[in-house]
Structures are given as structure tokens and as C-alpha cells.
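User: Please take a close look at the packing of one helix in this model and follow it outward to its surroundings. A formal, connected account would be appreciated.

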Protein chains: 2
Amino acid sequence: MIPVDPERFLADLHHLRSFGAAGTGKGVVRQAFSEPDIAARTWLRDQYGAAGLDPQVDATGTVWGLAEGPSLLIGSHSDSQPEGGWLDGALGVICGLEIARAARGVGLPVSAVSFQDEEGRFGVTTGSRIWSGNVSLQEADTLCDASGVTFAEARALMSHLVTGEVDPSRFTGFIECHIEQGPWLDAADEAVGVVTDIVGIRDMRITYFGEQNHAGTTPMHRRKDAFQAMLQFQQLIAERFRNVVTPQTVWTTGAVDVHPGSHSIVPGRCSFAMQWRDGDRDRLDRMEQILREAAQEVADQTGMRLETSGMLGLQPVPMDAALQSALGDAAEAQLPGRWRRMQSGALHDAASVANHMPVAMLFVPSINGISHDFAEDTAEADLVAGLKVLAEAVETVLT
Amino acid sequence: MIPVDPERFLADLHHLRSFGAAGTGKGVVRQAFSEPDIAARTWLRDQYGAAGLDPQVDATGTVWGLAEGPSLLIGSHSDSQPEGGWLDGALGVICGLEIARAARGVGLPVSAVSFQDEEGRFGVTTGSRIWSGNVSLQEADTLCDASGVTFAEARALMSHLVTGEVDPSRFTGFIECHIEQGPWLDAADEAVGVVTDIVGIRDMRITYFGEQNHAGTTPMHRRKDAFQAMLQFQQLIAERFRNVVTPQTVWTTGAVDVHPGSHSIVPGRCSFAMQWRDGDRDRLDRMEQILREAAQEVADQTGMRLETSGMLGLQPVPMDAALQSALGDAAEAQLPGRWRRMQSGALHDAASVANHMPVAMLFVPSINGISHDFAEDTAEADLVAGLKVLAEAVETVLT
């Protein structure tokens, strides 16, 4: 096994947390291009340099530590949610640093990376999507965050660090270690999960336009209540999804806007989010068809106008068989009976990188399944177990 | 019939609109205690004086024009919604001015009034509720508007106009003329409606507390989705209301807050308004029982915490039989076959005033049922028809 140093690894992981440490527990506030994020990336660049790697920063703010010649890439992202935990992304980044550093000591070519804005201040996995060609830098530059700042304006804050672009063809593959952000490993007392595939996502906004009116003087049969149309729609899809979904499928309405939002006014407009995820592209498509038909049926029945936003559609991404198998063998060797193969319900940078090379992912447990919250945590023994499985798998892949 | 002057009446009505005239159509922006509202009330006080009535302003900002001795009170309110029409309240106020003026000319004792803040910048029918003893001035003084201004601060803006309090016992009854704010008269091409009762209102906020979580990694069976709990609740009450409600009953969810409101996060909290109205107190109570039981059932089934706000409960108010009958006789004499008896689904000052004396209400049509909107309007012929029915009924009552 590549001779990783668990204590150095944990010390670096805790040091990374010091950039933007906040909130209760091990909370972190380190959104892409914030002051703590830029400070963390500058520190990381210096660590790559100190490890003998060639430190690079590209135009998106992604930070690289490059080995010479063709190499295996290990990493994740060091930016956080507006209120995040200390491991989401950070774990994979410090795994990359430690393994690249240790691999260099034994003459194995491993590069490391921290992609920029995985958490989506400007969309979804912004840095890795640009790097992998899913979106052009020019298009991305026009994206705005919630307060109206453009990606172009934000990345200008890191322009003094930029060294140039990094050619994807120099890498032979990518492995990302990440916390699970779900309950399965923790509930089963298992130490690692080898990811089989990253689910696809569909995301859109649906709006019904009814008639705003007085809630006292408008009889029920005369109403065009946009909130009631939304209720009808939700009931319809709940029924129709039953024979289509699997226990892995998820769907969510996480944002709702009822207009004008007064107790005494029949809502004239109701706008709401629909997001659904599954590992099977056909199933995602069938769900989309059900959603669109149901939305239209309700509009027709109620005589309301329906508007649907453009749809974000990310396809499911299968992990590379050879890399998966190296991770599985290493897990079985080190943690017999305490690991599983599993799907990733969350999106990760690996999904973007898969455009260019074989990719794989390794999960460690999230205590109580918590993530995107200050309370996010993982036992240090599990963090180290993940590092060691990764180190052994990387050695297998490279030798 | 008391010799009312339709042209003078319409001229005054249009003049009142000039205070805060805004928006499209005949829109008015004249919220309680705003500059246009205080200007309108000052003008009104002077009109009462010019008509030979004793002009008074009480501590709440309600403006009175008092006849000598025991008198019948006619009026409504001259404050508007944040975006209102020219007739909502204003019509009843100018009916009061015109009838009191004309009645004085023939020796009949009619007083006039414009109650303050019927539209509820500080709650619900604030001025008339204080005057009728439903809420004390001391309590009301602590009420805040949406921007944090207290009622005490707002009414201080009118303190230079205040003359003293007006004793309710000087009035023998109250009649309020108002636009319908609903579709019935307009749809049937009828000219006036004699109100039988003002519906009661119950209003509360219900909140489910679930568990905020990742919308990709949290399987459906592990979720405590507060939005889904709200859906279950809405479905349950829709079923259970069926055998309880009448075609006059209404219920509304007009405000919904889904927290934290992200496409990718399972909502941890969902807070929503429930308001229901009916003319029958027992039915209102039965609906409340259904709501509370359904809310608790869903909380129990889903393992969520339920919170319900304090409830606003206004009882239905029957109109006085003798006054109703005088209005009905006058309507039938002047508009045979073009009037009806009907319920008021909207709350009005008459509901407060009923604490102290016999009350009645007369409706004129709202074109397309529109109100609380700049587009609110009524044909001038219908406005005059209402005035004349009212004038004849007042004469009957007083002679």
C-alpha cells in the first residue's frame, strides 16, 4: 500500500477546516470565491508545491497539484455550502494531497485537485463542468449567484493566482473520495462504500396561473385557486409514480411560492420546484412524461395557464469497472464484510470528469446521514479507513 | 324618500377618490393613517360640518358627523387596501354623508361615520372593533403593521384632529352600504343585495416540523418531508369537509412557507395558513374540529411535530330583522325583481358595530366580482340605485 500518513492526513483535514470554521460542531462557511475559500485554495496550492507537485490554478479557480507525465487524478472540492460541514468535498481534497504526496515518495504518478464551486453558488459542479466541457467558460461567465454577482466577477477575485489551463489528457483516471451524505453506511455500521453509479437528475419549476381573488366573497366553485391546482398535481403524480419508481428513486418539491401570499386572498399563482433522481435514464424519462402530462391535465381541468421552466437534465453516470474493482478488492482486503457497493444519490465532480476519463468514487459514512449542515461528521477511524482503501486501490491501479 | 341628490353624491364620491388616486382605472392607495387618508378624513370632517352635523374625530381616527339627539348611523370606512379601488368603504361613507345631509333638510336625525383602518393595516376592522369594545385601545396600541409601526405611533399622526369619544348609546341603529366584492349580483344583473348575515371567520397558521435533508441521498422511506405532510393534511380535510360544508362555505390556504426552500433539500418545515368562513357558528366549529384532528393525525402518522398558531375567531353576525325588512321593502318598491337577500362573505364594520345596536347592510354589484384591486368598479346607475334604496329605507325606519 502507498505509505500514507494518517496523522498528517487528519492534521491537514483539520487545518483546511480552519478556513471558514463557523457555526456549531465542525461547521464551515466557505462558499466558492469567498475570502476563506480563496485563502484555503492558496494554502492548498502551497501544500501541493511543498509535496513536490507542480501547483497550478486554472481560470475557474480550480487548484491542481500535478505529477509529471501521465498520472491518476485524486481529489474533490474545497468550497462549501453556505452552511456546510468540514468533510463535504474537503475529505476528497485532502485524500488527494496525502496520496499524491505519499505516492511521489514511492515513485508513483498521482495528481491532486480541488475543483471550484462544486456546491453550486453559480449552478451545479461549476468548475468541473467547465473543465470537462459540459459548459463553456463564456457561458458560465454570465451565470449569477443569488445576490446577482456573475461568475466572471467572482473568478476575477482569483485572477492573480491563475497559472493556466490543465489538459485532461494527461490523466489516466479520476477517483473521488467523499462522505456518503446519506444514511446507509452509518445505519449498517459499514466503513466504506464503492460507488457503482451516480444517479441522474431532472429539475424544473412548474407554475400555475389562476385568478387572485377575495377569500371571503369568492365561492369555491368560482375559484381558480393556483395552490389547489398544485395540490391536484401532487396527488396525481404520487399515484402515477407508484408503478414506475424503485426504492432508490427520489422526488422532491423543495421550494414553493404562493402568490400573493395572504390568508384572505385566493392564490392567483403557485410556482413550485420538481426534482427527481434515479440511476436509470429511461425511468427518469418516464417520470418526466408523467409529470408533464399530469401538469397539463390539471391545467386543462381547472382552466388555468401552465408554465414550465427549462429543465436541468443530468444523465446517470456509471463508474469505471476496473477502478470500481480495484476499490472493491482493497475494501474487501482491509475491511472484510464492512463495505458495500452502492449508488450515489448526490451529484459529484466525478460525474463531470467522466466526460474525459474513467472515474470512480469511494464513500465513507456520514454520522446519522447528515450533510449540508454544521452537524455533518464522520468518525476519524472511518476517515482513515477510507484513506487506506483508496491508497491500496491506487497502488493496484498504478502497478 | 329622503331627498338625496345623486349628482352631489357622485361628485363627493369622485372627490374622495382624489385623495390617493393611483394605479390604473379608478385605483386608490389610501391606507389608514397615510397622508392621503388623513387628508381625506380632514376633508370629510369639513363636509360633515358644512352639512350642519357636529364633526368629531375620536382617538382611533374615526371621523363622525353627529345629528342632535338619538339618531340612525350610516357609514363605512374611507381607508383603502395597499392597492384598492375607489368604492370599497368609500361608497358607504359618502352614502352616509349624503343621507345625513338630506335627512337634516327634512328634520330626520341621521349621523354619519367613517371608521378608521377597516382594511386592517393593524389587524381587522381596527377602528370599529375598538369603538365597539371588541378590543381595548390599550391592546390595539401595541399592534404593528407589516413594517413595524405601532397603532399608537400611527394614530399620533391624527392627534391634532381628535375632539373626543363618541358614545354608542346615542345611535338607534347602523346601516352600512358597500360594494358586494363578489360575483353574485353582477352575474344575475341585479342592482342591490340586502344582507342577511355576515359570515364568521376562523383563521390560523399550521406548521409541520420534519427533518431537513439532502434531496438526493435521503430515500423516500427515510424522509420526514414537512411539505408532504402539508399535502396529506390538505387531502384529508378536502375529503372530510365534503359532508359538512354548504355551497356558501369557503376555505382557503393563501400563504405557504416551505423551509429552507431549495430544489435540492427535503423541506424540514412547512408553515401554511388555513382560513374558513361560514354563516353558521356550529359549522365553523365542526370544521375547526376536522382541521385540528386531521393536522394531529398527519403529525402522528409521519412522526412530525405540529404547531398551530392562536386562532382568530370572529362569529357570524345576523343583520337586524327590522332594518333588513325596511331595506327589502325599499328595494322591492324601487327595483322589483332586481334585488336579493344574500350573505356577506367579507367582513365589514357592521359586524363590530352589532355589539351595540341593530345593524344592517346593503350591497351594490361589483363588476366581474372584482375588489381589493385597482380594477374594482360599479356602474354609476347601480351606485345611485343603492343610495335611493338606502334613503327610502332610512325614511321608513325614522318615521
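Analyst: A crossing of two helices is called left-handed if the near helix is turned anticlockwise from the far one by less than a right angle, and right-handed if it is turned clockwise. The model discussed here is predicted. In it, helix H8 of chain A passes H9(A) in a right-handed crossing. The axes of H8(A), residues 226–241, and H9(A), residues 281–302, come within 9 Å and cross at roughly 140 degrees.

On the H8(A) side, the contact is made by Ala229(A), Gln232(A), Phe233(A), Leu236(A), Ile237(A), Arg240(A) and Phe241(A). They meet a set of residues in H9(A) that includes Met287(A), Ile290(A), Leu291(A), Ala294(A), Glu297(A) and Val298(A). By class, this contact holds 11 nonpolar, three polar and two charged residues.

The helix with the corresponding number in chain B leads to the interface between the chains. There, 50 residues of chain B are in contact with 50 residues of chain A. The size of an interface is often expressed as the accessible area lost when the parts come together. For chain B and chain A, about 4000 Å² is buried between them, with 57% of it on carbon and sulfur atoms. The rule finds zero salt bridges across this interface, whereas 12 residue pairs are in polar contact between chain B and chain A, both residues at pLDDT 80 or more. Among the elements giving two or more residues to the side of chain B that touches chain A are helix H7 (184–188), strand E7 (200–209), strand E8 (213–214), helix H8 (226–241) and strand E12 (269–278) of chain B. H8(B) provides the largest share of that side, six residues. That side of chain B comprises 21 nonpolar, 23 polar and six charged residues.

From chain A, His372(A) also reaches across to the partner. This residue lies in the loop between E17 and H12 of chain A. Apart from neighbours within four places in sequence, His372(A) is in contact with Gln81(A), Glu83(A), Asp88(A), Glu119(A) and Gln181(A), and with His214(B) of the other chain. The His372(A) side chain makes polar contacts with the side chains of Asp88(A), at 3.2 Å, and Gln181(A), at 3.4 Å.

The loop that holds His372(A) also contains Asp377(A). The side chain of Asp377(A) forms a salt bridge with that of Lys26(A), at 3.1 Å from N to O. Lys26(A) sits in the loop between H1 and H2 of chain A, and the two partners are 351 residues apart, so that the pair links distant parts of the chain. Over all chains, the structure holds 34 salt bridges.

Technical notes. Residues numbered from 1 in each chain as written. Chains lettered and ligands numbered in written order. Predicted model: local features only at pLDDT ≥ 70, side-chain atom pairs only at ≥ 80, totals over all residues. Heavy atoms only, no water. Axes fitted to C-alpha atoms, helices over the stretch in contact; angles between N-to-C directions. Helix = DSSP H or I, 4+ residues; strand = E, 2+ residues; numbered from the N terminus. Contact = heavy atoms within 4.5 Å. Nonpolar A, V, L, I, M, F, W, Y, C, P; charged D, E, K, R; others polar. Buried area = accessible area lost by both parts, 1.4 Å probe. Salt bridge = Lys/Arg side-chain N within 4 Å of Asp/Glu carboxyl O. Polar contact = N/O pair within 3.5 Å; in protein donor to acceptor, adjacent residues only side chain to side chain.
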